[in-house]
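Okay, everyone, let's get going. I'll put the structure up and then walk you through a couple of spots in it.

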Amino acid sequence: MIDVRRIRTEFDEVHAALARRGGDVASEAAAVRELDEQLRVLVQRRDDLRAQVNQVSKDVGTLRRDGKVAEAEAKQAESRALGEQEKELAAASADLEGQIRDLLLRIPNLPHPDVPDGATDADNPVRRVVGYDEAAYAEHQRVPHWEIGERLGILDIERAVKISGSMFTMFRGQGATLSRALCQLALDNNADAFEEIRPPTLVLSSTLTATGQLPKFADDAYAIERDDLWAIPTAEVPLTSIGKDEILDEAALPLRFMAYSPCYRREAGSAGRDTRGLLRVHEFDKVEILAYTTPAQAPAMLDELVQRAERTIASLGLAYRVIEICTGDLGQSHHRSFDIEVYAPGVGQWLEVSSISWFSDYQARRANIRYRPEGEKGTQMIHTLNGSALAVPRVWAAIVETHHQPDGTVRIPEPLLPYMRGATSLG
RNA sequence: GGAGGGAUGGCAGAGUGGACGAUUGCAACGGUCUUGAAAACCGUCGGGGUGCAAGCCCCCGGGGGUUCGAAUCCCCCUCCCUCCGCCA
């Protein structure tokens with residue numbers, strides 16, 4: 001949520017920043033400005049009335065103590081009349097406040113000035129490509145992971161669909177071990193600086209609102225309506241809300257958290273896309289890394305998170321590229337974002353395996369997470385940043401395809417060996 | 001799921017209708033004293049809105065109600081504790 005005071009005091013700048021995203025942002029921001037102006041007038045009048053009621057009520061107490069009953073009763077009548085008016089104004093301003101909040105929750109974050117302009121994901125600039133040479137892939141690496149997986153008995157999509165329906169998958173044997181090994185590696189690679197969390201994976205509506213999935217993107221999440229709970233689409237959701245409604249000391253920042261969790265996505269609207277294999281599934285495992293920072297610490301943290309995600313991917317011997325997200329493709333809550341994509345030679349596609357984002361104070365304001373700047377009065381919103389350290393299915397697919405051997409086995413990348421019970425290859 | 005008891009500032013803990021945004025203690029911060037520290041003493045010490053400011057307004061788990069006036073009385077909800085039930 002952007003600060004309503006910015007809409008109030010620097011409307012043109014806010015409007016221009018939002019306009020860079022494309023689409024119709026003008027009407028919502030203008031509506032907020034309009035309602036906010038009305039609200040401030042109402043609130044001023046309401047508070048004046050309250051002050052009068054408070055004063056008169058004090059007088060009543062004094063008069064009664066002094067035994068001046070008739071005067072007290074007159075004051076009571078006066079206060080009662082003022083109270084009626086106050087009640088009306090209070091109801092009107094509460095209604096306006098609700099309208100403003102509903103609008104603000106749907107207005108996206110302002111892009112960072114350095115975010116490149118663009119309309120769609122086709123305009124996202126590639127910042128660097130590492131280890132990729134299309135001509136270097138041999139024929140045996142051109143086999144899709146679902147063929148290799150089924151043949152080796154490490155991937156069983158058919159039975160997963162029998163159990164849970166389309167777009168659910170199941171790893172078996174060494175495939176399941178590989179999945180778990182990837183999570184373990186990602187956690188161990190970041191354990192030097194990040195506190196490991198095992199968060200709840202079912203959360204309240206308020207929690208899903210804090211990170212930005214609600215109210216606008218309810219269709220993308222699984223809901224357990226009977227208990228008013230939602231299945232998390234990413235560990236970002238519970239991790240971000242760890243500090244909800246808290247005020248932190250500046251000295252405590254940055255705070256870093258990491259978590260392995262399953263992630264649940266309805267993938268509404270993506271029917272027919274990437275339907276084969278592991279490319280797009282309803283449930284998958286991911287290790288997320290996340291930080292709370294001061295505004296000043298945020299840019300360096302964004303770099304650090306990208307480097308950490310990159311390092312793990314690189315260590316697995318996969319070709320990858322880093323893409324910066326342009327204004328038109330930037331997620332609602334994002335201030336600035338980078339994606340890491342690995343190349344999967346069997347399917348001949350770049351697969352997004354990590355999205356690293358800086359949210360400025362957009363999520364912090366929704367979750368009400370603040371800190372006390374040292375040597376200053378008052379509090380400020382923190383900044384949140386997060387990214388996938390590793391998302392399992394697509395990395396699993398890229399490994400199986402990239403390291404597929406001529407004899408049909410799959411070589412296990414060296415960093416995963418400690419977690420594979422002595423195996424050096426799959427199959 | 002059933003019964004009972006709770007929820008007040010960083011923590012502990014008073015306050016049960018009127019000058020209480022809140023006694024007090026601890027912690028923290030600044031100062032005096034000290035070679036330094038401790039102790040003692042003095043002072044500061046929750047958050048938010050609005051306003052140039054003075055000020056005014058809001059917040060005692062959340063929401064609603066009663067009243068001239070609510071931390072205090074009433075209703076609903078959430079969470080915590082104890083006991084029972086169930087259970088990995």
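Quick bit of vocabulary before we start: two strands pair if DSSP finds at least two bridges between them. And keep in mind that what you're looking at is a predicted model.

So, with that in hand, look at strand β11, residues 349–358. How many bridges link β11 and strand β14? Three, and the two strands run antiparallel. β14 covers residues 383–391, and its Gly387 sits opposite Ile356.

β11 also has a partner in strand β10, residues 336–344. That pairing is antiparallel too, over nine bridges. If you want a spot to find on screen, Ala344 faces Gln349 of β11. β10 and β11 make a hairpin, with four residues between them. In that turn you'll see Gly348, with a positive phi of about 65 degrees.

Okay, over to the RNA. RNA strand B has 21 residues around it, and the closest are Arg8, Arg65, Ser79, Arg80 and Thr379. Of the RNA atoms that come within 4 Å of the protein, sugar and phosphate make up 73%.

Where do those protein residues come from? α1, α3, α4 and β12 each give at least two, and α3 has the largest share, with twelve. By type, we've got eleven charged, eight polar and two nonpolar.

Let me zoom in on some arginines. Arg80 puts a side-chain N or O atom 2.4 Å from a phosphate oxygen of RNA strand B. For Arg5, a polar side-chain atom is 2.8 Å from a phosphate oxygen, and for Arg40 the distance is 3.0 Å.

That's my tour, thanks!

Note on methods. Residues numbered from 1 in each chain as written. Chains lettered and ligands numbered in written order. Predicted model: local features only at pLDDT ≥ 70, side-chain atom pairs only at ≥ 80, totals over all residues. Heavy atoms only, no water. Near = heavy atom within 4 Å. Polar contact = N/O pair within 3.5 Å; in protein donor to acceptor, adjacent residues only side chain to side chain. Nonpolar A, V, L, I, M, F, W, Y, C, P; charged D, E, K, R; others polar.
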